[in-house]
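Student: I've got a model open and a pile of labels to go with it. Can we go through what earns each label?

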Amino acid sequence: MANDFKRFAKPNVGTSTGASGDAIYSVPAGAGSTALEAIVIGISVCNKNSDERTVGLFLDNEDGTNDAYIVNGLKVPGNTTVEIMQGNKIVLTNDGSNADVLRAEASAGSSIDVVCSVLEDV
């Protein structure tokens, strides 16, 4: 398989939390519903409002267990963009029938945009 760099954007993140948060990225199944891995190489969060907001990024694990927050309650100053990854990487997977999903939540709706860069087919 060829490695593919992809970008996913979610404007106006909602206030639902955890596994109910807005889906930013879901790992697709490989050809013929085979397993596929992806590497998150960057996540930027932008607060479009002049007031401070908080944001959470949640990893909804494909097996239904071991869900975890990447960040929770991160304060983002008004009219500011914050880079979440800062050189780190996160590996996500799809086992052929279930996928990891990266989700986002915000303290107020229509204030936060999230942009995620991913390397797929690894």
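Tutor: Sure, starting from the outside: the protein exposes about 5900 Å², and carbon and sulfur atoms supply 46% of that area. Keep in mind that this is a predicted model.

Student: And what share of the residues counts as buried?

Tutor: Of the 122 residues, 41% count as buried. The cut-off for that word is a relative accessible area under 20%.

Student: What is the make-up in helices and strands?

Tutor: Zero helices and nine strands. From the N terminus on, the elements read β-β-β-β-β-β-β-β-β.

Student: Why is the protein called as compact as a globular protein of its length?

Tutor: The globule rule gives 14 Å for 122 residues, and the radius of gyration is 14 Å, close to that value, so the label applies. As for the extents, the C-alpha trace spans about 45 × 25 × 20 Å along its principal axes. On the contact side, take those with a separation of 6 or more: residues 24 or more positions apart account for 80% of them.

Student: Now the sheet. What is the strand order in the open sheet of four strands?

Tutor: The order is β2-β8-β4-β5, with antiparallel pairing.

Student: What makes β2 and β5 edge strands?

Tutor: Each of β2 and β5 (68-76) pairs on one side only, and that is what the label says. The twist from one strand to the next averages 20°.

Student: How do you know that β8 really pairs with β2 and β4?

Tutor: Pairing takes at least two bridges. Strand β2 (residues 22-26) has four bridges to β8, and strand β4 (residues 53-60) has six bridges to β8. Both clear the bar, since the cut-off is two, and both pairs are antiparallel. Within β4, L59 stands opposite L102 of β8, while G56 has E105 of β8 as its bridge partner.

Student: Why is β8 described as largely enclosed?

Tutor: Six of the six residues in strand β8 (residues 101-106) are buried, so the rest of the structure largely encloses this strand. The cover is on both faces: V101, R103 and E105 are buried on one side, and L102, A104 and A106 on the other.

Student: Let's look at D22. Where does it lie, and what stands opposite it in β8?

Tutor: D22 lies in strand β2, and A104 stands opposite D22 in β8. Leaving aside neighbours within four places in sequence, D22 is in contact with K10, N12, V13, G14, L102, R103 and A104.

Student: What makes the pair of D22 and G14 a polar contact?

Tutor: A polar atom of the D22 side chain lies 2.8 Å from the backbone nitrogen of G14. The distance cut-off is 3.5 Å, and 2.8 Å falls within that limit.

Student: Last one, K6 in strand β1 (residues 4-10). Why is K6 called partly exposed?

Tutor: The relative accessible area of K6 is 36%. Buried needs under 20% and exposed needs over 50%; 36% sits in between, so K6 is partly exposed.

Student: And which residues does K6 touch?

Tutor: Not counting residues up to four places away in sequence, K6 touches C116, S117, V118 and E120. With E120 there is also a side-chain polar contact of 2.9 Å, again within the 3.5 Å limit. For another spatial reference, K6 and V40 are 34 residues apart in sequence and 9.7 Å apart in space, C-alpha to C-alpha.

Notes. Residues numbered from 1 in each chain as written. Predicted model: local features only at pLDDT ≥ 70, side-chain atom pairs only at ≥ 80, totals over all residues. Heavy atoms only, no water. Helix = DSSP H or I, 4+ residues; strand = E, 2+ residues; numbered from the N terminus. Buried < 20%, exposed > 50% of the residue type's maximum accessible area, 1.4 Å probe, protein only. Contact = heavy atoms within 4.5 Å. Polar contact = N/O pair within 3.5 Å; in protein donor to acceptor, adjacent residues only side chain to side chain. Rg over C-alpha atoms; globule rule 2.2 N^0.38 Å. Areas by Shrake-Rupley, 256 points an atom, 1.4 Å probe, with all protein chains shown as cover. Axes fitted to C-alpha atoms, helices over the stretch in contact; angles between N-to-C directions.
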